[in-house]
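Trainee: Please pick a single part of this model and look at it closely. I would like to know which of its side chains are covered, what covers them, and how the neighbouring parts fit in.

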Amino acid sequence: ARKIIIDTDPGIDDAMAIFFAFQAKELDVLGLTTTFGNVPVELATQNAITLTEIAKVEVPVAQGVALPSVIEPRPHPDFVHGKDGFGNINWPAPKGKAVKESAAQFIIDTVRQYPGEVTIIALGPLGNLAAALKLDPEVAELVDEVILMGGTAIEYGNVSPVAEANIMNDPHAADVVFTAPWQVTMIGLDVTHQVLLDNNVLGRIKAANPEEGGFLYDCAQHYINFYSSRFGVHGCYFHDASTIAYAMDPSIFGVELGAVRVACEGIGIGQTIFAPQGMDFPEPHWNDVPMTQVCMEVDSEKLLKLFETTLS
Ligand code: BDR
Ligand code: CA
């Protein structure tokens, strides 16, 4: 199975992604690392531990960064994920504890333990990945792939006309990640806004798998209400869990290659600027930037089917 570390800010769609990964026999989850984002980092850590306890899997959880690298923190989006990150369902605190290592150190140690074999799946702001690169730049060459949910190439943003939330929360860290010498695959709003998860699918998963499915169904109601009121859709867009599907079966997606850089100030802050391969821009910002695989197409039916069957 493919060895993965999930870097996360749970988060309702993070919870969907994590249960999806735990159930996928194609994947071997070596650990969860946490970041601020949907909630403060201490709560993200608690929530990650809660998810391991519900799923009854023993996977280490390592706590990561509490703040953006450079900018002032933005408010946590209670109106999307609830104050508890799980749609205000009053779930009890977990029993377990995080490991002593930081998220960045956990990433480094795990990647060095299995050189060339570990894929990092990032579902939140990218401070832990940037911190790992700073502590040990060689890890970039030792990672199999970084699959991240964030950004947008041509679709509108969700926190500004051009910016997606995970990138906006730490644009400097994101720019470090997109320009480092590792294979990055970006799963942004270009594809996640093409897939709508609704209560029919969630209800069937709940019936087949009451524990995890029931938890996801209850959390998702707050999230679905937000999407209905903001976008007028009956369901929620499929962000974080898309990365897990990509790790299991990349053929569900269509990718384009190009350089990605992140705007770090001004009204375009948080924008992921996509320069398709072959367009040789003379501006220095675009020299020697590694090629990111940017997902632009998705087979929505196949993706939702994989999610449902894996979790059922
Ligand atoms: C991303 O932002 C967070 O709210 C979600 O968990 C997802 O990672 C979507 O823009
Ligand atoms: Ca997330």
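Mentor: A residue is called buried if 20 or more other C-beta atoms, placed from the backbone, lie within 10 Å of its own, exposed if 12 or fewer do, and partly exposed in between. Helices (H or I, at least four residues) and strands (E, at least two) are DSSP runs numbered from the N terminus. The model is predicted, with local features needing pLDDT of at least 70 and side-chain atom pairs pLDDT 80 or more, while totals for chains, interfaces and linings use all residues. Residues are numbered from 1 along each chain as its sequence is written, with chains lettered from A and ligands numbered from 1 in the order written.

The part to look at is helix 8, residues 171-179, where Pro-171, Ala-173, Ala-174, Asp-175, Val-177 and Phe-178 are buried. Their cover includes two helices, helix 5 (127-135) and helix 7. It also includes strand 5 (143-149), strand 6 (184-187), strand 9 (253-262) and strand 11 (292-298). Contact here means C-beta atoms, placed from the backbone, within 7 Å of each other.

Two residues in the covering strands show how helix 8 is held between its neighbours. In strand 5 there is Val-146, which is buried because 24 other C-beta atoms lie within 10 Å. Leaving out residues up to four places away in sequence, Val-146 touches Val-177 of helix 8. Its other contacts are Ile-120, Ala-122, Leu-129, Trp-182, Gln-183 and Val-184. Of these, Leu-129 is 17 residues from Val-146 in sequence, with 9.4 Å between their C-alpha atoms.

In strand 9 the residue to note is Arg-261. With 18 C-beta neighbours inside 10 Å, Arg-261 is partly exposed. With the same exclusion of residues up to four places away, Arg-261 touches Asp-175, Phe-178 and Thr-179, along with Ile-273, His-285 and Val-289. Asp-175 and Phe-178 are both on the list of buried residues in helix 8. The C-alpha atom of Arg-261 is separated by 14 Å from that of Asp-280, 19 residues away along the chain.

Helix 7 (165-169) links this region to ligand 1, since helix 7 and helix 1 (12-23) are the elements that give two or more residues to the ligand's shell. The shell holds 14 residues, near meaning a C-beta atom, placed from the backbone, within 6 Å. The closest are Gly-11, Asp-13, Ala-165, His-239 and Asp-240. Gly-11 sits in the loop between strand 1 (2-8) and helix 1, and a cis peptide bond with omega of about -10° joins Pro-10 to Gly-11. Helix 1 also meets helix 13 (residues 300-311): Phe-19, Phe-20 and Gln-23 are in contact with Phe-307, Thr-310 and Leu-311.

Most residues other than glycine have a negative phi, and most peptide bonds are trans. Besides the cis bond at Gly-11, two asparagines depart from this pattern. Asn-88 has a positive phi of about 55°, and phi of Asn-90 is near 55°. The loop between helix 3 (78-81) and helix 4 (103-113) contains Asn-88 and also Asn-90. Asn-88 is partly exposed because 15 other C-beta atoms lie within 10 Å, whereas Asn-90, with 8, is exposed.

Key:
Axes are lines fitted to C-alpha atoms, for helices over the stretch in contact, and angles run from 0 to 180 degrees between N-to-C directions.
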